[in-house]
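Dear colleague,

I am handing over the structure below for your records. Please look it over alongside the notes that come after it.

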Amino acid sequence: MPFKILIIEDEKNISEIVAKYLEKEGYTTLIANDGIEGLALFRDLNPDLVISDVMMPTIDGFEVLREIRLISDVPVIMLTAKQEEVDRLKGFENGADDYVTKPFSPKELVRRVMVMLKRTYKAIEDKQVLIEGELKLDLNKQKLYKNEDEIDITSKEFQIIYAFFKNPRQILSREQLIELAFSNDFDGFDRTIDAHIKKIRHKIEEDTKNPKYLKTKYGAGYIFGGSNED
């Protein structure tokens, strides 16, 4: 699946130009017109990288960055018209990964995005076996093991489990799971996810009524990971 880039920018002409250049390189883009909308999209759609303006209405880019860093280490590139060193330092101190000053070249920004994504996700791509407690997911063979015993899973179940392995200990709604696991290739209903989860749970849990790995957070979604707290 292509990387998803969230652009948080109140100047429509800038966000549209940036999105156009990113999509030309094969990325999927999400656009928010202010910080509040940007944080909502971030929580709902789990982008792989964020490009955020600093000066925006409602809440500024520094506050957006602080909120993101409370829940995620996703790479963030800040855009600003300011050139003072103190503003750049403030961004880095709050967890920014890169800083681009306006006016900027869209091509240069895309290049920075490509470098940042490669640097951030190369280790994940190189790691072909993911482990969570007694569970092991082999990405090359698309097989799941528990205590070295293979568990029979379907291709759809593999995609869902892979989404969980990539987002351990995060609450994922049905809509988020559909987006992460299937993108635009899902032809069922959101409740279909519940059926897949039920089957997966029967395959990986010793006690499905008291699951260790795959828990339900009622009204919110599902959370995966062996060290969860109820």
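The notes below cover a cavity, a pocket and a pair of packed helices.

Please bear in mind throughout that this is a predicted model.

Internal cavity

When the whole structure was searched, one cavity of 30 Å³ or more was found. The space in this largest cavity comes to about 40 Å³. Its lining consists of Leu135, Leu144, Ile161, Phe164, Phe165, Ile200, Ile204, Leu214 and Phe224. Sorted by class, these lining residues are nine nonpolar, with no polar and no charged residues. Two helices, α6 (155-166) and α8 (190-204), each provide at least two residues of the lining. The largest share is that of α6, which supplies three residues.

Second largest pocket

Helix α8 appears again in the second largest pocket, where it gives the most to the lining, with five residues. The volume of this pocket is about 270 Å³. Its lining is made up of 15 residues, and those closest to the centre of the pocket are Arg201, Thr208, Pro211, Thr216 and Tyr218. The elements that contribute two or more residues to this lining are α8 and β10 (214-217). By class, the lining of the second largest pocket holds five nonpolar, four polar and six charged residues. The lining of the largest cavity, by contrast, has no polar and no charged residues.

Packing of α2 and α3

The packing of two helices is described by the angle between their axes and the distance between the axes. For helix α2 (residues 35-45) and helix α3 (residues 61-71), the angle is about 15 degrees and the axes lie 10 Å apart. Because angles under 35 degrees count as roughly parallel, α2 is roughly parallel to α3. The crossing of α2 past α3 is right-handed.

Which residues in α2 and α3 meet? On the α2 side they are Gly35, Leu39, Phe42 and Arg43, and on the α3 side they are Val64, Glu67, Ile68 and Ile71. The residues of this contact comprise five nonpolar, one polar and two charged.

In summary, the points I would ask you to view in the model are the cavity of about 40 Å³, the second largest pocket of about 270 Å³, and the roughly parallel pair α2 and α3. Helix α8 merits a place in the same viewing session, as it contributes to the lining of the largest cavity and to that of the second largest pocket.

With kind regards

Note on methods
Residues are numbered from 1 along each chain as its sequence is written. This is a predicted model: local features need pLDDT of at least 70, side-chain atom pairs count only at pLDDT 80 or more; totals for chains, interfaces and linings use all residues. Side-chain values use heavy atoms; hydrogens and water are left out. On a 1 Å grid over the protein atoms alone, a cavity is a set of points where a 1.4 Å probe fits but cannot get out, and a pocket is an open set with protein on both sides within 12 Å along at least five of seven lines; lining residues have an atom within 4 Å of a point. Grid points are joined across faces, edges and corners, and a volume is the space filled by probe spheres set on the points. Helices (H or I, at least four residues) and strands (E, at least two) are DSSP runs, numbered from the N terminus. Ala, Val, Leu, Ile, Met, Phe, Trp, Tyr, Cys and Pro count as nonpolar, Asp, Glu, Lys and Arg as charged, and the others, Gly among them, as polar. Axes are lines fitted to C-alpha atoms, for helices over the stretch in contact, and angles run from 0 to 180 degrees between N-to-C directions. Angles under 35 degrees count as roughly parallel, over 145 as roughly antiparallel, 65 to 115 as roughly perpendicular and the rest as oblique. A crossing is left-handed if the near helix is turned anticlockwise from the far one by less than a right angle, and right-handed if clockwise. Contact means heavy atoms within 4.5 Å.
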